[in-house]
Amino acid sequence: MAQAARIQRSLLSLLNSDGKDHPVENTFALVTVVLGAIAAFTTLSPSLHLVSSWVGLVGIGTGLWGQFISSTTGERFLLIIGLGASGFGFFLGMAHGGLFGGLIG
């Protein structure tokens with residue numbers, strides 16, 4: 001008797017939608033999301049502008065490199081979310097005092 005096959009769904013299966021493992025690409029996607037979240041949440045306190053601007057800048061870098069090497073749509077989706085949050089944190093951090101915040105000059 002024919003039965004429908006059940007597909008196991010987890011976060012990694014959503015990122016690896018082509019059936020192959022992509023450990024490096026998945027790591028870049030998850031690191032970009034975490035850095036974007038840190039950059040976005042530290043903008044709530046203007047005194048943390050050094051953290052938000054530097055973490056946002058690193059998040060933008062990892063997100064752009066992750067986009068360059070990404071293999072699946074799920075990875076690209078997470079990278080765009082992380083890039084947006086990193087950019088938001090970076091630019092608000094720059095508005096509140098910048099990367100060096102008066103330490104130089």
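Okay, quick definition before anything else: when I say helix, I mean a DSSP run of H or I, at least four residues long, and the helices are numbered from the N terminus. Also keep in mind that this is a predicted model.

So, the overall picture. The chain has four helices and zero strands, and reading from the N terminus the order is simply α-α-α-α. There are 105 residues in the chain, and 37% of them count as buried. The accessible surface comes to about 6,700 Å², with 71% of that belonging to carbon and sulfur atoms. If you take contacts between residues at least 6 apart in sequence, 75% of them join residues at least 24 apart.

Let's go to helix 3, which covers residues 49-69. How far does helix 3 reach from its first C-alpha to its last? With 21 residues it reaches 30 Å, close to the 30 Å you'd expect at 1.5 Å a residue. Its buried residues are His49, Ser52, Ser53, Val55, Gly56, Gly59, Ile60, Thr62, Gly63 and Gly66. And what do those buried residues pack against? Helix 2 and helix 4.

Let me pick two of them. Threonine 62 sits in helix 3. Is threonine 62 buried or exposed? Its relative accessibility is 18%, and the cut-off for buried is under 20%, so threonine 62 makes it into the buried group. Leaving out residues up to four places away in sequence, threonine 62 touches Phe28, Thr32 and Leu35. With leucine 35, the C-alpha to C-alpha distance is 9.0 Å, although the two are 27 residues apart in sequence.

The other one is glycine 56, also in helix 3. Glycine 56 has 0% relative accessibility, so it counts as buried. Again skipping residues up to four places away, the contacts of glycine 56 are Ala39, Val51, Ser86 and Phe90. Where does phenylalanine 88 come in? Its C-alpha is 7.6 Å from that of glycine 56, with their positions 32 residues apart in sequence.

Now valine 51, one of those contacts of glycine 56. Valine 51 is in helix 3 too, but at 35% relative accessibility it counts as partly exposed. Together with Val34, Ile38 and Leu48, valine 51 makes a nonpolar surface patch of about 290 Å².

Still on helix 3, a word on aromatics. The structure holds three aromatic pairs. One of them is tryptophan 65 with phenylalanine 68: the ring centres are 5.0 Å apart and the planes are at 40°, so this pair is tilted. Both residues lie in helix 3, three residues apart, or about one turn of the helix. As a reminder, an α-helix has 3.6 residues a turn, so residues three or four places apart point the same way. How covered are these two? Tryptophan 65 is partly exposed at 44% relative accessibility, while phenylalanine 68 is exposed, at 63%.

On to helix 4, residues 73-96. Does its length add up? With 24 residues at 1.5 Å each, helix 4 should span 34 Å, and its end C-alpha atoms are 35 Å apart, which agrees. The buried set in helix 4 is Gly74, Glu75, Leu78, Leu79, Gly82, Leu83, Ser86, Gly87, Gly89, Phe90 and Gly93. So Ser86 and Phe90, the contacts of glycine 56 from a moment ago, are both buried. Glycine 84 is also in helix 4, but with 42% relative accessibility it counts as partly exposed. Its C-alpha is 9.3 Å from that of alanine 40, and the two are 44 residues apart along the chain. What follows helix 4? Glycine 97, with a positive phi near 160°.

Last stop, histidine 22. You'll find histidine 22 in the loop between helix 1 (11-15) and helix 2 (23-41). Is histidine 22 buried or exposed? Buried, with a relative accessible area of 9%. Not counting residues up to four places away in sequence, histidine 22 touches Asn16, Ser71, Thr72 and Glu75. Glu75 is one of the buried residues of helix 4 that I listed earlier.

That's my tour, thanks everyone.

Key
Residues are numbered from 1 along each chain as its sequence is written. This is a predicted model: local features need pLDDT of at least 70, side-chain atom pairs count only at pLDDT 80 or more; totals for chains, interfaces and linings use all residues. Side-chain values use heavy atoms; hydrogens and water are left out. Helices (H or I, at least four residues) and strands (E, at least two) are DSSP runs, numbered from the N terminus. Buried means under 20% relative accessible area, exposed over 50%, partly exposed in between (1.4 Å probe, protein chains only). Contact means heavy atoms within 4.5 Å. The expected span of a helix is 1.5 Å times one less than its number of residues. Patches are made of residues with over 30% relative accessible area and no salt bridge: like charges are joined within 9 Å, nonpolar side chains (Val, Leu, Ile, Met, Phe, Trp, Tyr) within 5 Å. Accessible areas come from the Shrake-Rupley method with a 1.4 Å probe; for residues, only the protein chains shown count as cover. A salt bridge is a side-chain nitrogen of Lys or Arg within 4 Å of a carboxyl oxygen of Asp or Glu. Rings of Phe, Tyr and Trp (its six-membered ring) pair if their centres lie within 6.5 Å; planes under 30 degrees apart count as stacked, over 60 as edge-to-face and the rest as tilted.
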